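Please look through the sequence and the model shown here before reading the report that follows.

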Amino acid sequence: MGLLTGKTALVTGATRGIGRAIALKYASEGADVAFTYRSQHEAAQSLVAEIEAMGVRAKAYTSDAASFEDAHKVVEDVKAEFGKIDVLVNNAGIAWLDSFINTDDKLRDAHFDINIKGCWNMCKAVCPVMMKNKKGAIVNLSSVTGPMVADPGEVAYATTKAALMGFTKG
């Protein structure tokens with residue numbers, strides 16, 4: 001038995017990188033894994049198959065991290081499919097790098113929408129579920145660029161990751 005046997009984890013942004021590794025690790029520890037992705041349908045289906053091969057349940061949900069409505073729909077759908085949510089991992093994020101001078105409003109807003117609003121939206125959607133169950137865990141992924149010195153091309157990214165750390169502390 002793994003450390004997470006009998007638990008259901010919801011991982012945002014899980015079709016590649018850190019999110020994919022987290023989803024696979026949680027599954028290897030016995031958790032059923034629900035996860036979100038925005039556009040990589042083939043990668044999502046591949047991850048579902050890989051997780052199910054470990055003997056646990058998995059389901060992928062297309063979602064826009066910046067959408068409050070999508071966050072609530074995903075949480076409702078996961079509750080309906082799995083019966084509960086024990087762990088939320090807010091991993092979805094972007095890091096489009098450019099100098100501060102060249103970072104336009106669209107690029108800045110994309111960072112805030114996904115890196116901060118995405119986390120806010122998922123927490124807002126899942127907290128009532130966990131409060132009702134009187135248990136649950138939320139993991140918010142940030143970056144070393146939040147509290148440390150960022151490269152000149154990381155101003156929007158570092159700003160959102162520092163804000164995410166403040167949100168998590170709150």
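How many disulfides does the structure hold? The structure, which is a predicted model, holds zero disulfides, and the cysteines are taken up again in the last section.

## The sheet

Five strands form an open sheet with parallel pairing, and their order across the sheet is 3-2-1-4-5. Strand 3 (58-62) and strand 5 (137-140) stand at the edges with a single partner strand each, so one side of each of them is left without a neighbour in the sheet. On average, and with direction ignored, neighbouring strands of this sheet are turned by 15 degrees against each other.

Strand 1 (residues 8-11) pairs with strand 2 (residues 32-37) in the parallel sense, over four bridges. Within this part of the sheet, valine 11 has phenylalanine 35 of strand 2 as its bridge partner.

## Helices on the sheet

Helix 1 (residues 17-28) packs on the sheet, where it touches strand 1, strand 2, strand 4 (87-90) and strand 5, and its direction makes about 175 degrees with that of strand 1. Helix 4 (residues 105-133) lies across strand 1, strand 4 and strand 5, and runs at about 175 degrees to strand 4.

## The nonpolar cores

The largest nonpolar core has 23 residues, of which Val11, Tyr26, Val33, Phe35, Leu47, Ile51 and Val89 touch the most other members. Two or more residues are given to this core by each of strand 1, helix 1, strand 2, helix 2 (41-52), strand 3 and strand 4, and the largest share, five residues, comes from helix 1.

Valine 33 shows how these parts meet: leaving aside its neighbours within four places in sequence, valine 33 is in contact with Ala9, Val11, Ala23, Tyr26, Ala27, Ile51, Arg57, Ala58, Lys59 and Phe82. Another core, of 18 residues, lies apart from the largest one and has Leu10, Val75, Ala125 and Leu164 among its members.

## The cysteines

A disulfide is a covalent bond between the sulfur atoms of two cysteines. For cysteine 119, the closest cysteine sulfur is that of cysteine 123, and because the two sulfurs are 4.1 Å apart, they are too far for a bond. Cysteine 123 is accordingly in no disulfide, with the sulfur of cysteine 119 as its nearest cysteine sulfur.

Are these two cysteines buried or exposed? Cysteine 119 counts as buried because its relative accessibility is 4%, and cysteine 123, with a relative accessible area of 7%, is buried as well.

Note on methods
Residues numbered from 1 in each chain as written. Predicted model: local features only at pLDDT ≥ 70, side-chain atom pairs only at ≥ 80, totals over all residues. Heavy atoms only, no water. Pairing = 2+ DSSP bridges. Axes fitted to C-alpha atoms, helices over the stretch in contact; angles between N-to-C directions. Contact = heavy atoms within 4.5 Å. Core = buried A, V, L, I, M, F, W, Y, C linked by side-chain atoms within 4.5 Å. Buried < 20%, exposed > 50% of the residue type's maximum accessible area, 1.4 Å probe, protein only. Disulfide = S-S within 2.5 Å.
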